[in-house]
Amino acid sequence: SRPGAVVGAHREQSTCLIDDPLAPPAWPIAVACDRSMRDLLLTLHLVAVAAWLGGNLTQLMVMPTLESAGHVCGAAWHRASGQMARIYYSIAGVVIVVTGVGLVFDGPYSFSDAFVSVGFAVVIIGAVVGVRFFAPNSRAAVAAHEAADDSAVARLRSRFRIGGAIDTALV
């Protein structure tokens, strides 16, 4: 058995490099370090997922209010939303992927686990949707607001609601 494994009613002592019978075994320190790293990775992972989800929910709730305040506010909102897509969600996505990979290497998970594969797929889908859907539609919404094109604004608002709801459901 490996050092630190439970054998019967007691833990097996690991071999110490120091020939001192009073020296503590090495395994509690290694286990504590492994657990601390796993806890840190998991915390950062969950914070990044919460940031992504919180950003989505904020956008779904705030967009209708700002768009109804007029074209100047609507255009400003979609400029800010485009910046969020490029910066905020990119950072959250990178943190999710890096910590997810770290959790697989440092934890009991495997890349073959279904939830790990689904997690990677969600981040990839989110990145593609951000680049191919939200970014161009944000630019189109800014242009529609600046041109005071109410029909284009209404059409884009509907797209954002559907796209945002799908992206949020994926997270």
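**Walking through the helices**

Let's start with a pair of helices: the axes of helix 2 (residues 71-106) and helix 3 (residues 114-146) come within 9 Å and cross at roughly 165°. Keep in mind that this is a predicted model. Why quote those two values? Two packed helices are described by the angle between their axes and the distance between the axes. Angles over 145 degrees count as roughly antiparallel, and therefore helix 2 and helix 3 are roughly antiparallel to each other. Their crossing also has a hand: helix 2 passes helix 3 in a left-handed way.

Now look at which residues do the meeting. On the helix 2 side you'll find, among them, His-71, Gly-74, Ala-75, Ile-96, Val-97, Val-101 and Val-104. Helix 3 brings residues including Val-116, Phe-120, Val-123, Ala-141, Val-142 and His-145. Sort the contact of helix 2 with helix 3 by class and you get 10 nonpolar, 8 polar and 2 charged residues.

Next, let's hunt for the nonpolar cores. The largest one has 9 residues: Met-63, Trp-77, Phe-134, Ala-141, Ala-144, Ala-152, Val-153, Leu-156 and Phe-160. Which elements give two or more residues to this core? They are helix 3 and helix 4 (150-170). Helix 4 supplies the largest share, 4 residues. You've met Ala-141 before, as one of the helix 3 residues that face helix 2. To see how a core member sits, click on Leu-156: setting aside its neighbours within four places in sequence, Leu-156 is in contact with Asn-137, Ala-140, Ala-141 and Ala-144. There is also a second, separate core of 5 residues, including Ala-48, Trp-52, Ile-96 and Val-123. Ile-96 and Val-123 should look familiar, as both turned up where helix 2 meets helix 3.

Ile-96 has another partner worth a look, His-45. This histidine belongs to helix 1 (residues 27-68). Is His-45 buried or exposed? Its relative accessible area is 19%, and the cut-off for buried is under 20%, so His-45 counts as buried. Leaving out residues up to four places away in sequence, His-45 touches Ile-96, Thr-99, Gly-100 and Leu-103.

Finally, head for the loop between helix 3 and helix 4, where you'll find Ala-148. Check its backbone: phi of Ala-148 is near 55°, a positive value in a residue other than glycine. How accessible is Ala-148? Its relative accessibility is 44%, so Ala-148 counts as partly exposed.

Technical notes. Residues numbered from 1 in each chain as written. Predicted model: local features only at pLDDT ≥ 70, side-chain atom pairs only at ≥ 80, totals over all residues. Heavy atoms only, no water. Axes fitted to C-alpha atoms, helices over the stretch in contact; angles between N-to-C directions. Parallel < 35°, antiparallel > 145°, perpendicular 65-115°, else oblique. Left-handed = near helix turned anticlockwise from the far one by under 90°. Contact = heavy atoms within 4.5 Å. Nonpolar A, V, L, I, M, F, W, Y, C, P; charged D, E, K, R; others polar. Core = buried A, V, L, I, M, F, W, Y, C linked by side-chain atoms within 4.5 Å. Buried < 20%, exposed > 50% of the residue type's maximum accessible area, 1.4 Å probe, protein only.
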